[in-house]
Amino acid sequence: MREEWVKVWKEGAIGRIELNRPQVLNALNRQMVAEIVDALTAFDKDQDIGVIVLSGAGRAFAAGADIDEMAYDTPVTLEKLDQFSDWDRIRTIHKPILAAVHGFALGGGFELVLSCDIIFAAEGTMFGFPEVKLGVMPGAGGTVKLTKAMGRAKALEWLWTGEMFSAEDAKAVGLINHIVPSELLLEETLAFSQKLLKQAPLALRLIKDTVNKAVDYSVFDAMQAERKNFYLLFASEDQKEGMKAFIEKRRPNFKGK
Ligand code: CO8
């Protein structure tokens, strides 16, 4: 696996991916996105990994797509490159993806954050979609996800002005989960990962699947999907173990089976 622009390693059952192009604030070139998605896919298949944590080296999480790389693109080069198929693959990752975000999360960097499941931000992190200032707009789901999260009026304000917003603003509209002091960012994110590692992995997986469907489907269709996933979990050993442990008044020992 190529790791030119990311660092990838295991910390116990946590798969760590660090964006590593700090000289340009982790501006996402296409190879870097492919490396991130390859690492996510590899960890998703790795039986020893339960949670994946994404973070950025240097003074920012990611200041957007690499403007130098895309400045001379045409619709034809973009169509042929089909770079967003890599982004689509993020949606197929079953395991929890946590983001530890600091400095800036702009444009494609913000879209990468919004592709994660639980988001921790360091105090002072700035979020935004400055694409409008470059004469373009978000292309990896930013417009859609922002509108679903905060409603039409607020989304248009963020997208039309291209201004940066604070972590507090992002948290107030439910785009991120927690704001923590800078020096505790990774500690807090990893501590939350440990909480998830204690849960039944199949339950985590099917909850993520159902929540994703709840975002995309009608309420009725999402509830049908929820029901099927609820039934499916009763085929797992972990369901037997979880309920038996409750009755025996002890902690469950989940195995992901
Ligand atoms: N692309 C390329 N280089 C970048 C980018 C970027 N997005 N962001 C920063 N850099 C480079 C700078 O050019 C600079 O390089 P150098 O030292 O060689 O001059 C270096 O990083 C440090 O940046 P600054 O000196 O500008 O640092 P400041 O602290 O003064 O400013 C800012 C930080 C405010 C974040 C500023 O760098 C900035 O405005 N960056 C651009 C932000 C932006 O417009 N992002 C949106 C890009 S478009 C986009 O994301 C479209 C998404 C499409 C789908 C996703 C596909 C991956």
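**Entry 1: Asp 117 and its partner**

I began with Asp 117, which at 30% relative accessibility counts as partly exposed. The model I am reading is a predicted one, and I keep that in mind for every value noted below. I then looked for the partner of Asp 117 and found a salt bridge to Lys 208, with the closest N and O atoms 2.7 Å apart. This pair joins distant parts of the chain, since Lys 208 sits in helix 10 (residues 201–216) and Asp 117 in the loop between helix 5 (108–114) and strand 6 (118–122), with the two positions 91 residues apart in sequence. The lysine end is the buried one, because Lys 208 has a relative accessibility of 13%, which falls under the 20% limit for that class.

**Entry 2: other salt bridges**

How many salt bridges does the structure hold? I count 14 for the structure, and I followed a few of them further.

Asp 38 is bridged to Arg 89, the closest N and O atoms lying 3.1 Å apart. Here too the link is between distant parts of the chain, as Asp 38 belongs to helix 1 (residues 30–45) and Arg 89 to helix 4 (residues 84–90), 51 residues apart. I checked the accessibility of both ends and found Asp 38 partly exposed at 26% and Arg 89 partly exposed at 28%.

Glu 11 and Arg 16 form another salt bridge, with 2.8 Å between the closest N and O atoms. Which of its ends is buried, and which is partly exposed? Arg 16, at 4% relative accessibility, is buried, whereas Glu 11, at 32%, is partly exposed.

I also noted a network of salt bridges that links Glu 241, Lys 244, Glu 248 and Arg 250.

**Entry 3: the faces of helix 7**

I turned next to helix 7 (residues 152–161), where I listed Ala 155, Trp 158 and Leu 159 as buried. Viewed down the helix axis, the buried residues fall within an arc of 90°, so they line one face of helix 7. The spacing along the chain fits what I would expect, because an α-helix has 3.6 residues a turn and residues three or four places apart point the same way. On the other side of helix 7 I found Ala 153 and Trp 160, both exposed.

What do the buried residues of helix 7 pack against? I traced their contacts to helix 5, helix 6 (142–150), strand 8 (164–166) and helix 8 (167–172). Just after the helix comes Gly 162, with a positive phi near 70°.

**Entry 4: positive phi outside glycine**

That glycine led me to look for positive phi elsewhere, since most residues other than glycine have a negative phi. Leu 25 has a positive phi of about 55° although it is not a glycine, and I placed Leu 25 in the loop between strand 2 (14–19) and helix 1. Asp 82, also not a glycine, has a positive phi near 50°, and Asp 82 lies in the loop between helix 3 (75–81) and helix 4. Is each of the two residues buried or partly exposed? Leu 25 is buried, with a relative accessible area of 18%, while Asp 82 is partly exposed, with 43%.

**Entry 5: the largest pocket**

I then looked up the largest pocket, which holds about 1100 Å³ of space. Its lining takes in 33 residues, and those closest to its centre are Arg 91, Leu 114, Cys 116, Asp 117 and Asn 212, so my list returns to the Asp 117 of the first entry, the residue bridged to Lys 208. Which elements each supply at least two residues of the lining? I noted helix 4, helix 5, strand 6, helix 6 and helix 10, with the largest share, 7 residues, coming from helix 10. Sorted by class, the lining has 20 nonpolar, 6 polar and 7 charged residues.

**Entry 6: Lys 228**

Last, I checked Lys 228, which I found in helix 11 (residues 219–233). Lys 228 is exposed, with a relative accessible area of 57%, a value over the 50% limit for that class. I also took its distance to Leu 206, and the two are 9.7 Å apart from C-alpha to C-alpha, with a separation of 22 residues in sequence.

Conventions:
Residues numbered from 1 in each chain as written. Predicted model: local features only at pLDDT ≥ 70, side-chain atom pairs only at ≥ 80, totals over all residues. Heavy atoms only, no water. Salt bridge = Lys/Arg side-chain N within 4 Å of Asp/Glu carboxyl O. Buried < 20%, exposed > 50% of the residue type's maximum accessible area, 1.4 Å probe, protein only. Helix = DSSP H or I, 4+ residues; strand = E, 2+ residues; numbered from the N terminus. Arc of directions from axis to C-beta. Contact = heavy atoms within 4.5 Å. 1 Å grid on protein atoms, 1.4 Å probe; cavity = no way out; pocket = protein on both sides within 12 Å on 5 of 7 lines; lining within 4 Å. Points joined across faces, edges and corners; volume = space filled by probe spheres on them. Nonpolar A, V, L, I, M, F, W, Y, C, P; charged D, E, K, R; others polar.
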